Structures are given as structure tokens and as C-alpha cells.
Amino acid sequence: MKTNSSYPICARTTLAVLLFLIGLTLFCALPFIGTRAQLPSNIIPFSGTFDTTSAYPCGSTPNTFVVPPGQARIIVNVNATVPTNDLAVTLIGPPPTNDVLHTEDNGVGNEAFDYEGSPVPAGTYTVQVCASANPLAPFTQPYTYTGVFTYNDTAVSSSCQANFTETLPPAPTDNRPKIGYENFEAPGVLTQITQTSSGVYTVEYLGRSAIEPSIGVDWKTNVTAYQSDLETLFVTFGSNGLASWVNRRAPTSQFIDSDPILFTDRQTGRTFASELTLLSPDTVKISYTDDDGQTWVPNQTGGIASAVDHETIGGGVYRQDLTAVPPVVVPPHSPTYPNAVYYCSQDLETALCSRSDDGGLTYGPSIPMYVAVQCGGLHGHVKVAPDGTVYLPNRDCSGTQTLIVSENNGVTWSIRPVNTCTWAAKPSLVGTGDDPAVSVDASGRVYFAFSNFGTSGGVAVSEDKGQTWKNMYDVGAVYGAKNVAFPAATAGDAGRAAIAFYGSTTPNGTTTGDSNTTTFTGVWHLYIAHTFDGGNTWTTSDATPTMPMQRGGLLRGGGADVVRNLCDFFDITIDNQGRVLVGYDNGCAGGPCSQAAPTAHGNAYSVTATIARQSSGRRMLAAFDPTAPTSAPGMPSVTQRRVNGVVYLGWNEADTGNLPITKYSILRSTTTGAETTLTNISGSQTSYTDTTATDPTKTYYYKVVAFNRVGKSLPSNEVAAPYVGTTCDGLIIHRNDPSHPEAFAGGILTSAPKGPTPAPVPTPPVLATAVPQLLIDYISVAEPPSQPGYFLFKMKVENLNSLPANSRWRIAWDYSPRTAPDTEIYYVGMTMGDAGTQPTFEYGTLADAGVPAVLLLSETPINPAAQGSYSPDGTITINVPKADVGNPQVGDLLGAIGGKTITGDTPETKTLERSTTFVDHTFIKGNSDNSYPAATYTVAGNAVCAQPTPSPTPKKKPH
């Protein structure tokens, strides 16, 4: 019986996830789907029926293959037609000895292995497929299989011993003007969703589940595509400096899926959106669009063969080299689409890549690139060079971060460790690590970005396709980065490349905690490094200089911890004028988190779609370089929080125009879009406190403008500061929008909306019978002065004239105590049992119920008889001692505060919470914040809420 480790969903989904879905423990079917891709002579498909009665030697018909002289390795990959049929594969050497060289019996329906020699002896080899010696389950007809036998002349090699050091040399500094950025966040608007990743038909806030985003730009229109979860967002940047976002998801982005990936081919303008099917069958669903999502074309019927994790799509020209041995020629391909498209993914033990020769309509066989004896499964995103060479970065091949290279259009692959012979790229030792990235400039120069030991931002350069390496530097050293995660890379003209990464200047330690857990005391910023001379010098920018994009830990590896809100990667690209764009997910969205003190414990745990877009400095395309070294500032990125009659503004200014900021103008209005100057403040400030916004009946709107001696920025994003109460009586964390279909007319969606094909536009929902007692109006948090040491949680529903039996009303939040980091989620709530009984009130902890592939939380009460009450007007009130829920201190953050209602409880389900069973919710379905605005509360203490005295609007200060 084989066993496999398991991790919850995101990019590190593993086979145990699938087991839950099909009731087994393993499923790795990789059938070959051949259409237009031509099969080279050294890739030989085979098939047959295996003997289910015996392990090797058995009665199955052997398969024979002739291997010519000069080959370095043999790769065998076999898949059972029925994925649960547990087979084993044996390789037998050539006559006269016919030695048994290897038996692979570690998978279930798939076995793959690599056999290497120096060289592999020429001759006739035999592959026999038999039953596993320890079959997982009874065999099911048909007992057939398909496979591929591959030989080639490349194997793992390194020209010198790897020398690892945690401290790489700091990158030499490019002293020319720095590169500036502006940040654009998806607007907080409700958008109709045909399906969410929880399987619900409803609406969601746009871009608020931006896990593992990927980004591309259509160079024909300069429209940016941003893919995450089941959304494909298309973003247009206007002349007013603001961004327009719209969701035009692919029809193949549908429940249940994981690992969304997007790729846009710069040359053709075609954008591909892909989702792995989680994970039964072992299939990927891909669509492409040539008009920025207005119409989509689904790919190969039923999806292409894929592995279980880490999918990636890339594309570019075909490679041709008639001087190579054997010659590399362009294969027959579509006359209407010039480029190759590559789809790669990893199956824990084997990584495979398919090529499409008809623009992505169909794909050829899944060709192994490496197996577990050579490399770990985790790889980054595939890139195609201007000459057609294909590159895939891997985090660990024999202990070194490595580049996997194909110089013959994906037919064979070489493994080339990143090693300068002075320094070598060490895999991250933080958690289970993260993926490296690769980019290729117009000259073919390769840039490899990696997290060295997990603690520094490494980069290395190769000018011979990864055969040798040079210029291995730490591009985060200039900011003192001590933890680095999720590098991403892009490139443009010859010598020009950019690398982005999340970094923290706080090291791991006994007093600072572990950056992989909630114990970490540091914060994270988005850094972007640029080279304009082929990696000889670098200039690095902090795109989030004053407000972080994550607080506390950032998990690298699998798991369901709250610090895994950003999952495993983000992405970077350039537009048709050479601007760098970084598509990332902001884990500290909103004023409470972004403006918190450095000592604050906690985080927003948001997953907000954000783009950092280059706004000044040299471009990746030299033709668009600015003519002057300085410029007007870029737009600030502004957040707000309104607490106890005071509005607090804070902002990031990531583009000073390479000059000092001389002042900021604060604009304000009580009407959206009508802001006028309220006051001017010093250019050294990046925050402002407005004590004159005292009218509780009004929403105040703000913008900020930056000035330097060249000029002024465009006005920033507008932020709205509605009155949401006080910390004494209750600060409203979230109020459901009336257009939310679960609030409108008291209905919920009971069936999938039907829309036209291919455009996934739902028709109006079918509404169920109203249950007003379960429809949430708002949730709030207070710290009453009359109850020192207590929180007061409130939920307001439409009414509670009667209480539906077997129902629950819950508020949950993320907070991991400093002294108990294994506790991450707390809840409070009211519970109604059988009809005729009295409700009870409780608070406790939530934790993953341990069901693979399903976000199912289990309640453990701390106090099942808490102080609470309800009133017929629909208000539920519960008092909770702070000491019982982690003892958060003043300034700490309660993140992802969400309300939910559940009905129809049974004895088996009464302590379980799953998003698909919620009657209503405030858009937080698990342990990440998917709501707008971010549902975060800053602990204020049980002090009296003294309202400021209204005063006249201040006059503008001269500067």
C-alpha cells in the first residue's frame, strides 16, 4: 500500500486531495492525447493489458524498445486506463544479461521513473507492466494501460561542486534614476458570478479572492488580463491614471477547480486561462481569447492530460537549428497561428509538458521532463525564448535550484543547475519552500530569480541557455531584506529584466518568530528589482514603501493556516511600451491593517487583486525610456479608517519622480467625485488625521495629490469614509449590500443561472422562500467602557420574531495568540436547537476539520454558556472576555471578521461550518477575507469614546 502526504488546496494540492473526492488515496492518470504534435523517434508510445494476478515476473506481454548508442537516460511513464488499478513497471536491460534494472511501484494508476547511465548501454530494452506487489484496491476492468518510453542524451550534470551560502553578494547598484510605481486595487463592487470556488451561485466582490494571480498584457490593445480563482479580470488604464476592471471569466473556469493560470502571448495577443480540475478526472480545462475576454474558445474537448499540481502555460516561436545533431526543425503547425503553446504540470514524482501546434485547440502527448530521482516536483512558470528555447525553473534538483531546458520544441529536456562555481542557488529552507522564476530578454540572455535559503532575493544570469551562470547577487540586500518569498521575473530588450518578490526586513529568530507562522513579528513589502545592463547592476524599488502588503507570517508550502492567505506565487509582465506590471494579492488591505503600528499583532488576511504598474523611470523597452531623469510624482495609493468620529488617512507613495515630495494636498467632499482641497501637509508625511469629519449622517470622500518641483500627480484613488459607529457601542465591520441576492427579497440562489455560450453571463437568479431570521444586515464589534476586558459582538438580521429550529448564527475572526500560535480562528454565536427550546450562546475556536480538498471547519466551544441575548428586531448580542480569545492588546488586529448563518443542523453537522451550507454570509467563507471593505478591527481598549467637537473646515495651509 502506498502512502502520500497531503496538503489543502492552493498550488500545493496533492494526491490525498483527490483521494477524498474519489474515496481512494491516489489518482495520477495521464492519458496521452495526440493530434497535431508530431512524435519524434525517441519518444515511443505503447499500450497493452497487464496481468492483475501477479507482481513481476508476471504474464503480461512485454514491450521492447531499441536504444541507440550515446544515450544518457531512459524515462518510462505508464498510466492505467482505470486510475485506481494499482500497477507496477519493471525495466529489463538488453541481452545477453537481461538484468532487471528497476521496478517502480510507488504510485497507483501512474508509475514513472528515470534510469540513467554514462552512457546508457545501447540495445533492446524490455518494459513489463504487472500488478503492484501491494495493490491499493481490487482491480477494475479494463486492465489496460498506455505508456511512453523515452530516451535522450541529456542527464543531470553540474560542471562544479555547489557552494551554498546564506549571504549572497549584494547586487552592484545601478545609480541612475530609480523606477517608480503606482498601485491599483480592484474596485469593491459586487459582480455576478456563475459559480464560485465554493460551488455557490451568487455574487462576489470583484477581485477579493485573488489567490495566486497571474498577469499578462495583450500588446495589440494594451489591455491587462489578471487571473485568479475563477475570475479573469481585464484591466484598462485610462488617461486619467485610473484603472477600469471587468470580469470576463473563461467558460472553463468553473467549480471544482484549483491552480488558476493565465498566459498572454505578446506576439499574437492570445490569452489563455486554465484551471486544474480538482482532481477527478486528472484533467485541465483551458480556454483562449483573442479579444480580451469578449469571446472565448474552449480547448480540447474534455480537457487535456495533466498532472495534479503546479500547472503553467507558455508560448512563443518554434526553435529551428539545422546544425544541431539531430537537426531541430519546425514541426508542422497551424497556418493561422504561428507560435507553439506549452502546457506543463507536475505529478509529485514526474513533471510533464505538452505542446499544441494549433494555437491551443489541441495538445500532443505529455512528455516527462524529469522524475523524482532527479528533481523535486515544484516548478515555476514556463517561458519561451525569442529563439524558441523553452525554460522551466525548478526549486530543487539534487539540492540545487535548477533550470529545465528544451532546445528542440519540448521533445527532450536538459537539467541545468544554477551554479556559478563560486555560488550556487540553494532551495528555500523556510517551510517547504517556494518556486523560482525565469525570464529571457530579446538577446536570449536568461535571468533566474530565486529565494536563496528563503532569506535573500537571489538572481543569476546565463548567456548560454543555463550551461554556465554568472552575476549571482542578492537584489534585496539594498533594503536589508531578511526573508524573501515567491520571486517572479520578466524581461524586455537585450540586457533588460525585472524581478519581483515579497520581502521582509525582519529576520527569523527567537524574539521575532518564524516568518512561516503567525509568530512572526515582521511585515512584508513588494519589491521590484531592475537591470538594464544584463544583470551587471540592479536598481530595486519598494512598491509598498510605507504600508505593507502582509503582516506577520507568510506560509511557504502546503497547509490551511491563516498565514497562507496569499498561497504560493504571483506574477509579473510588461506592456507594449515596456512598463513593468506586477499582479499581486494584497494581504493587508484596508485602513485598519495598512495603517497599524509596527508592533501590531495580526493581519487583515485579505486576498485583494492589486497591480503595481510602472509610472516612471527606464522601461523594459528602450524606445520608451523617458527623456528626463525626473518627473512629476506618481499617484499615492490611499486607505482610510473612520473610528469614533475621526478619519485616518494613510498612503503609499512609490513614485516620487526621483525628487523630494514637497507637499501633499488632501481633497475632501461629502459627494463622490467632487473633492476640493481640505488642507496641504508636508511632503514628509504619508498620513493625515481629519478631526473635522464629525457629521455621522454623512460619508466623507477623499483623494490625495502629491507635489514635487516638476509638478503634481494625478489625484489618487477615491476612498469613502462612511460613519460606521464607535468602539464603545459597536463599530460596523460589514453591512451587506442590498443588491446582494441573498439579501434582496430575502432569497438565495437555488439553481445555476443559465447564460449564453460562450459568454458566461448569468440570467436573474431563482429565489427561494425568504428566511428573514437568517438574512444578515450587519455585524459589529465593540469594547464597552462599562465592561473592561470584554468584547461585545453583534449580529443584526432582518428579525427574530421566531427562531428557526436547528440553526446557528455565527461571527468568526482570525487572531493567533502570541502565546498559543496553533490557535488561529475564534467564533461567537447563538445556537437554536429543536423547536420549543431556548437558544444558547457560546464562543470558542475553529479549526480545519481535516477533510482533504474541502474547507470544512469544526467548532470547539471554550464557553458553551456565554453571556448573550437577542431581541425581536433581529439583534444578537454576545459578551466575550478578551482573555478567553487570545488576549489581544491595544493596536492588535482581528482579521477576516465574518458573519454566517446556518440551518438544518443534525447531530452530525451541528459543529461543522462549510461555506456551501451557509444561508447568508458577509463574504468571508473561510479563513481569508473576501469582503469589501476589508473586515478588520483594530483593538482600541475599553476607553470612553469622546467625540471630537465639530469645528469649521480648516483653511488651506500655504506651502
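Author: Buried means a relative accessible area under 20%, exposed means over 50%, and partly exposed lies in between, with a 1.4 Å probe and protein chains only. The model is predicted, so local features need pLDDT of at least 70 and side-chain atom pairs count only at pLDDT 80 or more, while totals for chains, interfaces and linings use all residues. Residues are numbered from 1 along each chain as its sequence is written, and side-chain values use heavy atoms, with hydrogens and water left out.

Reader: Why does Arg 810 count as buried?

Author: Arg 810 has a relative accessibility of 1%, and because the limit for buried is under 20%, Arg 810 counts as buried. Glu 859, with a relative accessible area of 6%, is buried as well.

Reader: What makes the pair of Arg 810 and Glu 859 a salt bridge?

Author: A salt bridge is a side-chain nitrogen of Lys or Arg within 4 Å of a carboxyl oxygen of Asp or Glu. The closest N and O atoms of Arg 810 and Glu 859 are 2.9 Å apart, so the pair meets that definition. Arg 810 lies in strand E52 and Glu 859 in strand E55 (residues 856–863), so the pair ties together parts that are 49 residues apart in sequence; strands here are DSSP runs of E with at least two residues, numbered from the N terminus.

Reader: Which parts does the salt bridge of Arg 808 and Asp 905 tie together?

Author: The side chains of Arg 808 and Asp 905 meet at 2.7 Å, N to O. Arg 808 lies in strand E52 (residues 807–814), whereas Asp 905 lies in the loop between strand E58 (893–903) and strand E59 (912–914), so this salt bridge ties together parts that are 97 residues apart in sequence. Both Arg 808 and Asp 905 are buried.

Reader: How do you know that Arg 445 and Asp 441 are buried or exposed?

Author: Arg 445 has a relative accessible area of 18% and is buried, and Asp 441, at 0%, counts as buried too. Arg 445 also forms a salt bridge with Asp 441, with 3.0 Å between the closest N and O atoms.

Reader: Why is one side of strand E29 and of strand E32 left without a neighbour in the sheet?

Author: Four strands form an open sheet in the order E29-E30-E31-E32, with antiparallel pairing. Strand E29 (437–440) and strand E32 (470–474) stand at the edges, each with a single partner strand, so one side of each has no neighbour in the sheet.

Reader: What makes E30 and E31 a pair?

Author: Two strands pair if DSSP finds at least two bridges between them. Seven bridges join strand E30 (residues 446–452) to strand E31 (residues 456–462), so the criterion is met.
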